[in-house]
Amino acid sequence: MDRLKAKLAARKNPASMPIYANTVTAKVTLPRFEIDSTINGRTIITILQSLGVTDAFDPTHADFSSICEGALAISDIVQNTHIEVNEHGVRAAAYTGIAVAGAAPQWGREITFTVDRPFMYALMTRDRLPLFVGAVRNL
């Protein structure tokens, strides 16, 4: 795999690569599988800092004034991925979460909202464009 990645990286025009010279049609069988992966926040922060992103993690130097008030800095990052392959196809999802200590607004009294029947959901952008829309039918 490492040799293939090196060959791919070395070529500027993928169509000229020998790997495409003898194309064939293949029937592939593989087992069903699911993989979940989490990248440790400390690892992500270390990588970002090694790339020069340092001020965002330092409360004395971080400047998020264009999106919030007050002196805030990134305190943690988490990244998770999930992939599932089965006879119906492939489903995959990924997310990155960034924690900023003290950034959550203080709300009023707490209420309990119990969802105990089928419902629809929509995850939308700030422009009100739907990213994910679905229904939960079986609880």
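Buried means under 20% relative accessible area, and exposed means over 50%. The exercises below apply these cut-offs to a predicted model.

**Exercise 1. Classify the two partners of the salt bridge between Arg-91 and Glu-84 as buried or exposed.**

Step 1. The closest N and O atoms of Arg-91 and Glu-84 are 2.7 Å apart.

Step 2. Glu-84 has a relative accessible area of 14%, and because this value falls under the 20% cut-off, Glu-84 counts as buried.

Step 3. Arg-91 has a relative accessible area of 57%, which is over 50%, so Arg-91 counts as exposed. The salt bridge therefore pairs a buried Glu-84 with an exposed Arg-91.

**Exercise 2. Find the other salt bridges and state which parts of the chain the one between Arg-32 and Glu-87 ties together.**

Step 1. The structure holds three salt bridges; one of them joins the side chains of Arg-32 and Glu-87, at 3.3 Å from N to O.

Step 2. Arg-32 lies in the loop between α1 (2-10) and β1 (33-39), whereas Glu-87 lies in the loop between β2 and β3 (89-100), so the pair ties together parts that are 55 residues apart in sequence.

Step 3. Arg-32 is exposed at 63% relative accessible area, and Glu-87 is exposed at 56%.

Step 4. Another salt bridge is formed by the side chains of Arg-117 and Asp-116, with an N to O distance of 3.9 Å. Arg-117 is exposed at 58%, and Asp-116 likewise counts as exposed, at 53%.

**Exercise 3. Describe the surroundings of Asn-80 in strand β2.**

Step 1. With a relative accessible area of 17%, Asn-80 is buried.

Step 2. Leaving out residues up to four places away in sequence, Asn-80 touches Ser-37, Thr-38, Ala-93, Ala-94 and Tyr-95.

Step 3. Two of these neighbours can be described further: the side chain of Asn-80 makes a polar contact of 2.5 Å with that of Thr-38, and a polar contact of 2.3 Å with the side chain of Tyr-95.

**Exercise 4. Set the largest nonpolar core beside the nonpolar surface patch, and state which elements contribute to each.**

Step 1. The largest nonpolar core has six residues, namely Ile-44, Ile-45, Ala-56, Phe-57, Ile-74 and Ile-77. Two elements, α2 (41-50) and β2 (74-86), each give two or more residues to this core.

Step 2. Apart from its neighbours within four places in sequence, Ala-56 is in contact with Ala-62, Phe-64, Ala-73 and Ile-74.

Step 3. In soluble globular proteins, nonpolar side chains tend to be buried together.

Step 4. At the surface, a nonpolar patch of about 880 Å² is made by Phe-113, Val-115, Phe-119, Tyr-121, Leu-123, Leu-131, Phe-132 and Leu-139. Strands β4 (119-124) and β5 (130-136) each supply at least two of the patch residues, and β4 gives the largest share, with three residues.

Step 5. Phe-132, a member of this patch, is found in β5 and is exposed, with a relative accessible area of 53%.

**Exercise 5. Summarise the chain as a whole, from its elements to its accessible surface.**

Step 1. The chain has two helices and five strands, which run α-β-α-β-β-β-β from the N terminus on.

Step 2. Of the 139 residues in the chain, 11% are buried. The chain exposes about 12,600 Å², of which carbon and sulfur atoms supply 56%.

Step 3. Among contacts between residues at least 6 apart in sequence, 38% join residues at least 24 apart.

Notes:
Residues are numbered from 1 along each chain as its sequence is written. This is a predicted model: local features need pLDDT of at least 70, side-chain atom pairs count only at pLDDT 80 or more; totals for chains, interfaces and linings use all residues. Side-chain values use heavy atoms; hydrogens and water are left out. Patches are made of residues with over 30% relative accessible area and no salt bridge: like charges are joined within 9 Å, nonpolar side chains (Val, Leu, Ile, Met, Phe, Trp, Tyr) within 5 Å. Accessible areas come from the Shrake-Rupley method with a 1.4 Å probe; for residues, only the protein chains shown count as cover. A salt bridge is a side-chain nitrogen of Lys or Arg within 4 Å of a carboxyl oxygen of Asp or Glu. Helices (H or I, at least four residues) and strands (E, at least two) are DSSP runs, numbered from the N terminus. Buried means under 20% relative accessible area, exposed over 50%, partly exposed in between (1.4 Å probe, protein chains only). A nonpolar core is a set of buried Ala, Val, Leu, Ile, Met, Phe, Trp, Tyr and Cys residues joined through side-chain atoms within 4.5 Å. Contact means heavy atoms within 4.5 Å. A polar contact is a pair of N or O atoms within 3.5 Å; within protein, one must be able to donate a hydrogen and the other to accept it, and residues adjacent in sequence count only if both atoms are side-chain atoms.
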